[in-house]
Amino acid sequence: MIPARLVRATALASAVAVPALAALHAAPVVSTFGPLRNTAMPRLAGRGRPDHVALTFDDGPDHLSTPRFLAFLDARGLRATFFLLGSMLARSPGLAAEMAAAGHEIAVHGWHHRPLLLRGPRAAHDDLARARDAVADVTGRPPVLFRPPYGVMSTAAHVACRRLGLAPVLWTCWGEDWRRRATPRSVEHTVLKDLRGGGTILLHDSDCTSATGSWRTTLAALPRILDTCQERGWQVGPLNEHGVPGLPTGGAGRGLG
């Protein structure tokens, strides 16, 4: 029989340890706060050289919308970084291969678009590994960048990234283009009010986790965003050309720009 004193001590230790472990797991959530991230965590925010802006897209590849973005970028002579969902990649592997062949940088957004805070170490590792391996199989090169769903990291995700050779990157500004009420003008304004030289833009080339048809709003907002970058003397390209200190520059895609 287990002594009552030992039972009480074990229960007390658990009562202290479980909240402590939960707090440790969730600690990286502070990086979700944009102003703090942009000033205190420049590498995680994707802050690069001041004459350059990194253009990034999440949630593809989508066979309906992504080709429209690729055609637009090709017409402008630009390349970008695409953070792919493994579940979407599995539906359109040929499209992902085309994206890499066209010189776009292919990165990982996880397999499923689910919050990492709800996953333990094994589940987080398996999700990232599955997506990383799928990208490598399709493009012929292992990806080196990861962006978590909803931009929320966890301690387990950081550990998984280190083990898998992935570097997490968030953004310095976004367009809130996933919202149902978003318009091309609102997306443009939301991006440009926070955009500075060296910034990283987050947009979406798919509506798989956004309002239906929202990608059309994003696509319509892009010309003015890019024109403004040109007017301000900023080059636009993928993260592997952005010059973020300490960030890997390899990965899928040739990174032309």
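This section describes the fold, one central strand, one loop residue and one pocket of a predicted model.

The protein has 257 residues, of which 51% count as buried. Its secondary structure comprises 10 helices and eight strands. Contacts between residues at least 6 apart in sequence were examined for their separation along the chain, and 77% of them join residues at least 24 apart.

Strand 7 spans residues 200–204, and five of its five residues are buried. Burial extends to both faces of the strand. On one side lie T200, L202 and H204, and on the other I201 and L203, every one of them buried. The strand pairs with strand 1, which covers residues 52–58, in the parallel sense and over five bridges. Within this pairing, T56 has L202 of strand 7 as its bridge partner. A parallel pairing is also formed between strand 7 and strand 6 (residues 173–174), here over two bridges. In this case C173 is matched with I201 of strand 7. The two bridge partners thus named in strand 7 belong to opposite sides of the strand, L202 to the side of T200 and H204, and I201 to the side of L203. Strand 6 and strand 7 are further related through helix 9 (residues 184–194), the three elements making a right-handed β-α-β unit.

The loop between helix 5 (86–89) and helix 6 (93–101) contains S92. The relative accessible area of S92 is 10%, and the residue is therefore classed as buried, the cut-off being under 20%. When neighbours within four places in sequence are left aside, the contacts of S92 are with P61 and H63.

The second largest pocket encloses about 200 Å³ of space. Its lining consists of 16 residues, and those nearest the pocket centre are H113, Y150, W174, W178 and H204. By residue class, the lining comprises seven nonpolar, six polar and three charged residues. Two of the residues nearest the centre can be placed on elements described above. W174 falls within strand 6, which covers residues 173–174, and H204 falls within strand 7, which covers residues 200–204. H204 is thus a residue of the pocket lining and is also buried, on the side of strand 7 that carries T200 and L202.

Terms used. Residues numbered from 1 in each chain as written. Predicted model: local features only at pLDDT ≥ 70, side-chain atom pairs only at ≥ 80, totals over all residues. Heavy atoms only, no water. Buried < 20%, exposed > 50% of the residue type's maximum accessible area, 1.4 Å probe, protein only. Helix = DSSP H or I, 4+ residues; strand = E, 2+ residues; numbered from the N terminus. Pairing = 2+ DSSP bridges. Right-handed = clockwise from strand over helix to strand, strands pointing away. Contact = heavy atoms within 4.5 Å. 1 Å grid on protein atoms, 1.4 Å probe; cavity = no way out; pocket = protein on both sides within 12 Å on 5 of 7 lines; lining within 4 Å. Points joined across faces, edges and corners; volume = space filled by probe spheres on them. Nonpolar A, V, L, I, M, F, W, Y, C, P; charged D, E, K, R; others polar.
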